[in-house]
Amino acid sequence: MKLHQQYLLLHNRFGDMSEHEATLSELAELLDCTHRNTLTIVKKMAACDWIRWISQRGRGRRSTLTLLVPAEQIAAEYMMQALNRRELHQAAEQVRAFSTSTMMREHLNHWLLGYSGHHTEEGEHNERIDTLRLPLQQQLHALDPLFINLLAESFVTSHVYDGLVQRNEQGDIIPCLAHTWDVSPDRKTWLFHLRKGVLFHNGGRLTAGDVVHTFARLQATERRTLYRDVSRQILSVEALNSLTVVFRLKAPHELFLSFLSTSRAVIVPSDSTMKPGDDKSDESTSMQKPEGTGPFKVTLWDEHLCRLEAFPAYFQGRAHLDRVDILQIPWSAETEWGEHTEAETPFFHLVPNPVAAKGTDWSQISAGVMVNKLLTCNTQKTGPLSDPAIRTHLYECISGVIQSSENPLVKDQSIPLQLATIPQYRKDAALIAAKLEQCGYACKIHTATMEQFKGQLRLESDLILFSLIRDQDEELRRTDLYLTLSEHLDESTQLRVQMMLQTVIESPLKTDRTAGLDQIEQFLLDHHLMFHLFEKPVETAYLPSVRGLSFNSQGWVNLRHIWFPSGSTALED
């Protein structure tokens, strides 16, 4: 790897000129090594056909150096080697000057196409070991269900943990850690019967005490966890015996069972180091290696790589894959899915880079999941958006009905607005700000981490940009969205939205709940409190060799079912 670094030093010094006059002493000073070592380096580079070196002997005579390979290609090779040695981020820092180069990205993505995907090797006993390498565009900050914020983190935890119940591919809620359950006539008491013999990855056996511990943690946290309004409706959780647990709710909540199927309600062992009330978000807690009951266990996790290995004792059957290596890739890879992909598809799923796959027999499939990008107005804050006329004009500007630089609602000055979002959506925020500027608004963009975005930043801003994922948990997601959105509405509007939401969660029929959520959405749109920006599907591309492709409730590929045939398995007539 050092030879690559030394070539990049030469390039930084001499640039792209075809020929350069230099002495060996000058190169030695640049490379910070002895005259003898410099001569060795020059010979190695010449042997690799990276440079041409025409040596001239004698005092005052200068040799000729020609750089034959683009620096971006060497930088890409350096990154490739760094990935194998798990020194990717150090290498990324050193080649940052080339990170925006199209040529470098092409080299990296072409190499990534071969490096990623399915690979086999022989184990110690000549057994076949199947590994799937998945490149990742998001950093994994946490795998504890109490701390996760990103889609990539949710993807990993969905394979490490299980909940009491789960959704099948049709969206029906079916047994998981609980093999059955009962509910009282008033819908306030829920009794779950746990499976026998379920093991955690640390060898511990699942009991009702683990369930009690899990929800005690969840209720004790002060963090703004997803669907926390549902968890706050839990009055008590009690272990009746080692395999029976009872939940008592403050009031009937028809989304409670759906909540138990989400990544927020997965079961963690009671002997974990995370105790109820211990929700500090520092690295020592959020980055602890997780222990669940899921089909894969985490055997390695750092800032470069998260390795999942099949858990042989998984109660629903061992995964076909032996290992999944999730690699964090610190460069931006272009895809064919459009310009709004970076935040919604942090993985390349089963495809490292669809653009590089042109000419191969890739197939494409939709998981039935849509991503809606939304813009909402803060009318709780004293400011211009308290005026319905301003909000209407804002909608017309964003939707393209008006493209005028003159704002009839204000004279002689621009209307100042603050727009809050997360870093992944900054590009969309900039497009909105540009449209608004044409219509007489001065829109300042503020980005923050997910945790900061959940807090005071939203209440201090005029506009809030975020997204809604429409998957099999759509009822929960929409309910949580409208409840969160109501927090930055004026008092009377907030009360109306929350009353409509109460009707939704009390409705036993899904059709009635959907109608109620649609009514809330239409109310927000009619009053220009929320704007739909665009909608796009989450899609997965894959090769025909992939077998057992299925999706979970969030549209993620279910890694437990994937397998790859060895050799040709085609049947002949």
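Contact here means heavy atoms within 4.5 Å. Helices (H or I, at least four residues) and strands (E, at least two) are DSSP runs, numbered from the N terminus. Axes are lines fitted to C-alpha atoms, for helices over the stretch in contact, and angles run from 0 to 180 degrees between N-to-C directions.

This is a predicted model, in which local features need pLDDT of at least 70 and side-chain atom pairs count only at pLDDT 80 or more, while totals for chains, interfaces and linings use all residues. Residues are numbered from 1 along each chain as its sequence is written, and side-chain values use heavy atoms, with hydrogens and water left out.

**Stop 1: the sheet by α1**

Select residues 2-14, which are helix α1. This helix lies across β1, β2 and β3, and runs at about 105° to β3. Now add the strands: the 3 of them form an open sheet with antiparallel pairing, in the order β1-β3-β2. Two strands count as paired if DSSP finds at least two bridges between them. At the edges are β1 (20-22) and β2 (51-54), each pairing on one side only. On average, neighbouring strands in this sheet are turned by 25° against each other, direction ignored.

Next, select β3, residues 63-67, together with β2; 4 bridges join the two in the antiparallel sense. To check the register, pick I51, whose bridge partner in β3 is L67.

**Stop 2: the mixed sheet**

Move on to the open sheet of 5 strands, ordered β4-β5-β14-β13-β12, where the pairing is mixed. Its edge strands are β4 (117-122) and β12 (296-301), and each of these pairs on one side only. From one strand to the next, the twist averages 25°. At the β12 end, β12 pairs with β13 (residues 305-310) in the antiparallel sense over 5 bridges. Select W301 and look for C306, which stands opposite in β13.

**Stop 3: two residues with positive phi**

Most residues other than glycine have a negative phi. Select N126, in the loop between β4 and β5 (128-136). N126 is not a glycine, yet its phi is positive, about 65°. Is N126 buried or exposed? Relative accessibility is 60%, so N126 counts as exposed (exposed is over 50% relative accessible area, buried under 20%, partly exposed in between, with a 1.4 Å probe and protein chains only).

Then select Y227, found in the loop between α8 (208-220) and α9 (228-231). Y227 also has a positive phi of about 65° and is not a glycine. Y227 counts as buried because its relative accessibility is 3%.

**Stop 4: D473**

From Y227, step to D473, in the loop between β18 (463-470) and α15 (474-486). Which residues does D473 touch, leaving out those up to four places away in sequence? They are R167, Y227, S261, T262, S553 and Q554. At 2% relative accessibility, D473 is classed as buried.

**Stop 5: the nonpolar cores**

A nonpolar core is a set of buried Ala, Val, Leu, Ile, Met, Phe, Trp, Tyr and Cys residues joined through side-chain atoms within 4.5 Å. The largest one has 45 residues, and L394, L436, Y441, L463 and L524 touch the most other members. β18 supplies the largest share of this core, 5 residues. Centre the view on L436: beyond four places in sequence, L436 touches L394, C397, I398, L417, Y441, C443 and L463. Finally, select L134, V324, V538 and V557, which are among the 34 residues of another core, lying apart from the largest one.
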